[in-house]
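Colleague: I would like a close look at one part of this model. Here is the entry, so that we both have the same picture in front of us.

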Amino acid sequence: MQIPFSLDSRLSLCAELVRVGAKLADIGTDHAYLPVYLALSGKIESAIAADINADPLSRGKQTIDKYDAAHIVSTRLSNGLKEIKADEVTDIVIAGMGADTIIGIISDAQWLKDESKRLILQPMTKSERVISYLYDNGFEITEQKCCIAEGKPYTIFCVHFTGHSTPCTEYFSYAGKLCPEENEDDVVFLRKQVSILKKRSASDSRYSELAQQIEKRLENL
């Protein structure tokens with residue numbers, strides 16, 4: 001069917017990474033646009049639009065009712081994943097939050113340590129902290145992409161649990177699995193990373209070395 005609204009580039013990329021037939025949890029849902037969009041597209045089996053605050057859930061309920069999606073999408077007041085059970089969801093989107101908030105949500109939900117679960121993460125800040133945490137705790141990025149939203153570059157990664165703690169270099173925490181050779185949005189994001197690293201180099205020279213590594217890669221495109 002034709003969906004009567006569109007998602008912005010960040011949420012569109014998150015939607016792309018959700019599996020067909022998924023049972024979705026959208027954490028920090030706000031207006032519930034992502035789960036309703038996926039419900040109307042027929043891509044998901046069910047969805048929980050969750051938020052820590054009642055006001056965003058009220059807005060989400062309005063969206064759900066407006067587009068007659070209540071048979072697929074429900075709302076839930078929840079601090080992260082604390083009020084969601086493992087058997088209710090297969091794919092979990094945590095988007096539009098800072099790194100430490102995302103890390104806290106994952107840390108509090110031990111049931112995410114399950115190879116069948118898929119995490120779709122879009123940190124607004126310090127994506128390198130999220131990547132380092134994931135690899136230190138038995139998770140692996142299977143796919144990473146970038147997009148430009150309101151003139152700013154963001155990265156989104158698809159993650160699953162392996163049970164194996166994998167060494168993660170500091171370079172990898174900043175560059176991840178991006179392919180600037182193939183995607184211009186990846187180039188823009190990595191340039192942002194270079195800018196951040198150069199600012200941090202004022203207090204620690206190793207950041208300057210990391211910036212140079214990324215710059216060298218971009219120069220060879």
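How many helices and how many strands are there in the protein chain? After that, please go through the open sheet in detail.

Modeller: The model is predicted: local features need pLDDT of at least 70 and side-chain atom pairs count only at pLDDT 80 or more, while totals for chains, interfaces and linings use all residues. Residues are numbered from 1 along each chain as its sequence is written, and side-chain values use heavy atoms, with hydrogens and water left out.

The protein chain has eight helices and seven strands; these are DSSP runs numbered from the N terminus, helices being H or I of at least four residues and strands E of at least two. Its radius of gyration (taken over C-alpha atoms) is 18 Å, close to the 17 Å of the globule rule (2.2 Å times the number of residues to the power 0.38) for 221 residues, so the chain is as compact as a globular protein of that length. Buried residues, meaning those under 20% relative accessible area (exposed is over 50%, partly exposed in between; 1.4 Å probe, protein chains only), make up 47% of the 221 residues.

Now the sheet. It is open, with seven strands in the order β3-β2-β1-β4-β5-β7-β6, and the pairing is mixed. Two strands pair if DSSP finds at least two bridges between them. β3 and β6 (139-149) are the edge strands, each pairing on one side only. From one strand to the next, the twist averages 20 degrees; axes here are lines fitted to C-alpha atoms, for helices over the stretch in contact, and angles run from 0 to 180 degrees between N-to-C directions.

Begin at the β3 edge. Strand β2 (residues 44-51) pairs with β3 (residues 73-77) in the parallel sense over five bridges, and Ala50 has Arg76 in β3 as its bridge partner. Between these two strands the chain passes through helix α3 (residues 54-66), giving a right-handed β-α-β crossover. Right-handed means that, with the strands pointing away from the viewer, the path from the first strand over the helix to the second runs clockwise. β2 also pairs with β1, again in the parallel sense, over six bridges; there Ala22 stands opposite Ile44.

Strand β4 (residues 91-97) includes Asp91. Asp91 counts as buried because its relative accessibility is 0%. Its side chain makes a polar contact of 2.7 Å with that of Arg19; the term means a pair of N or O atoms within 3.5 Å, where within protein one must be able to donate a hydrogen and the other to accept it, and residues adjacent in sequence count only if both atoms are side-chain atoms. Leaving out residues up to four places away in sequence, Asp91 has contacts (heavy atoms within 4.5 Å) that include Ala22, Leu24 and Arg118.

Two helices complete the view. Helix α2 (residues 33-41) has Leu34, Pro35, Val36, Leu38, Ala39 and Leu40 as its buried residues, and among the elements covering them are β1 (22-27), β2, β3 and β4. After α2 comes Gly42, with a positive phi near 80 degrees. Helix α7 (residues 184-200) packs on the sheet, where it touches β6 and β7 (152-161), and its direction makes about 95 degrees with that of β6.
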